[in-house]
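Biologist: Please take a close look at one part of this model and its surroundings. Keep the cut-offs explicit.

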Amino acid sequence: MYIQYYDSPLGKMLLAADEIGLTGVWFENQKYYANGLKEPIEEETAILKETKEWLNLYFKGKEPKVLPKMHLIGTQFQKKVWQLLLKIPYGKTMTYKDIARMISPTMSAQAVGSAVGHNKISILIPCHRVNGFNNSLTGYAGGIKRKEKLLEIEGIHG
């Protein structure tokens with residue numbers, strides 16, 4: 001597992017990758033920070049360099065076109081939810097209920113919320129684009145203030 005730190009306008013971030021791809025992007029002190037990180041080696045790999053370039057573009061208010069290769073580590077359900085998050089366009093939001101309905105008519109928004117909350121690749125897998133009932137700003141592991149700022153960067157004002 002390789003790590004690098006990134007100084008974002010919203011605080012220090014930890015980036016992690018393995019030989020397959022990006023495994024984590026966390027804000028310092030966020031919920032589930034560095035979850036699953038084992039024996040990290042601080043070294044810049046091609047994936048981590050590409051991730052920093054992606055984040056540089058993003059924080060300049062530009063929509064990066066190509067995501068770095070990712071290695072999603074989680075349950076099958078979590079991975080399914082994270083794949084759906086990747087389909088939320090830049091500058092748009094969805095609700096937990098919208099995502100639940102994409103999976104099954106009987107899927108609970110709470111189950112989706114739990115999977116979204118355990119997303120290890122913040123910003124790139126856009127969990128900040130998921131809102132609660134009536135589009136209320138709820139539940140962001142990096143904190144609501146950061147969620148508001150990320151949405152502002154994308155031109156979404158809550």
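Modeller: What follows is a look at one helix, its packing partners, the loops beside it and the spaces around it.

The model is predicted: local features need pLDDT of at least 70, side-chain atom pairs count only at pLDDT 80 or more, and totals for chains, interfaces and linings use all residues. Numbering starts from 1 along each chain as its sequence is written, and side-chain values use heavy atoms, with hydrogens and water left out.

The part is helix H4, residues 109-117. Helices are DSSP runs of H or I with at least four residues, strands are runs of E with at least two, and both are numbered from the N terminus.

Start with H3, residues 96-103. The axes of H3 and H4 come within 8 Å and cross at roughly 105°. Each axis is a line fitted to C-alpha atoms, for helices over the stretch in contact, and angles run from 0 to 180 degrees between N-to-C directions. H3 and H4 are therefore roughly perpendicular to each other. That label covers 65 to 115 degrees; under 35 is roughly parallel, over 145 roughly antiparallel, and the rest oblique. From H3, the contact takes in Tyr96, Lys97, Ile99, Ala100 and Ile103. H4 answers with Ala109, Val112, Gly113 and Val116. Contact means heavy atoms within 4.5 Å. By class, the H3 and H4 residues in this contact are 7 nonpolar, 1 polar and 1 charged. Nonpolar covers Ala, Val, Leu, Ile, Met, Phe, Trp, Tyr, Cys and Pro; charged covers Asp, Glu, Lys and Arg; the others, Gly among them, are polar.

H2 comes next, residues 76-85. H2 and H4 pack at an angle of about 80°, with axes 9 Å apart. The pair H2 and H4 is therefore roughly perpendicular too. Phe77, Gln78, Val81, Trp82 and Leu85 of H2 meet Ala111, Val112, Ala115 and Val116 of H4. This H2 contact has 8 nonpolar residues, 1 polar and no charged. Val112 and Val116 are in the contact with H3 and also in the contact with H2.

Now the loops. Tyr32 sits in the loop between strand S3 (22-27) and strand S4 (41-42). Tyr32 touches H4 through Gly117, and also meets Trp26 and His118, leaving aside neighbours within four places in sequence. Phi of Tyr32 is positive, about 65°, although Tyr32 is not a glycine. Most residues other than glycine have a negative phi. Tyr32 counts as partly exposed because its relative accessibility is 32%. The scale is under 20% relative accessible area for buried, over 50% for exposed and partly exposed in between, with a 1.4 Å probe and protein chains only. Tyr32 and Lys80 have C-alpha atoms 19 Å apart, at a sequence separation of 48 residues.

After H4, the loop to strand S6 (130-131) holds Ile123. Ile123 also has a positive phi, near 70°, and is not a glycine. Ile123 counts as buried, because its relative accessibility is 1%.

Last, the spaces. A cavity is a set of points on a 1 Å grid, over the protein atoms alone, where a 1.4 Å probe fits but cannot get out; a pocket is an open set with protein on both sides within 12 Å along at least five of seven lines; lining residues have an atom within 4 Å of a point. Grid points join across faces, edges and corners, and a volume is the space filled by probe spheres set on the points. There are 2 cavities of 30 Å³ or more.

The largest cavity holds about 50 Å³. Val116 and Gly117 line it, with Gln30, Asn119, Cys127, Gly139, Tyr140 and Ala141. That lining is 4 nonpolar and 4 polar, with no charged residues.

The second largest cavity has about 30 Å³. Its lining is Thr23, His71, Leu72, Ile73, Trp82, Asn119, Lys120, Ile121 and Ile125. The classes here are 5 nonpolar, 3 polar and 1 charged. Asn119 lines the largest cavity as well as the second largest. Trp82, of the second lining, is one of the H2 residues that meet H4.

The largest pocket has about 180 Å³. Of its 15 lining residues, Trp54, Pro64, Leu67, Leu124 and Arg129 are the closest to its centre. The pocket lining divides into 12 nonpolar, no polar and 3 charged.
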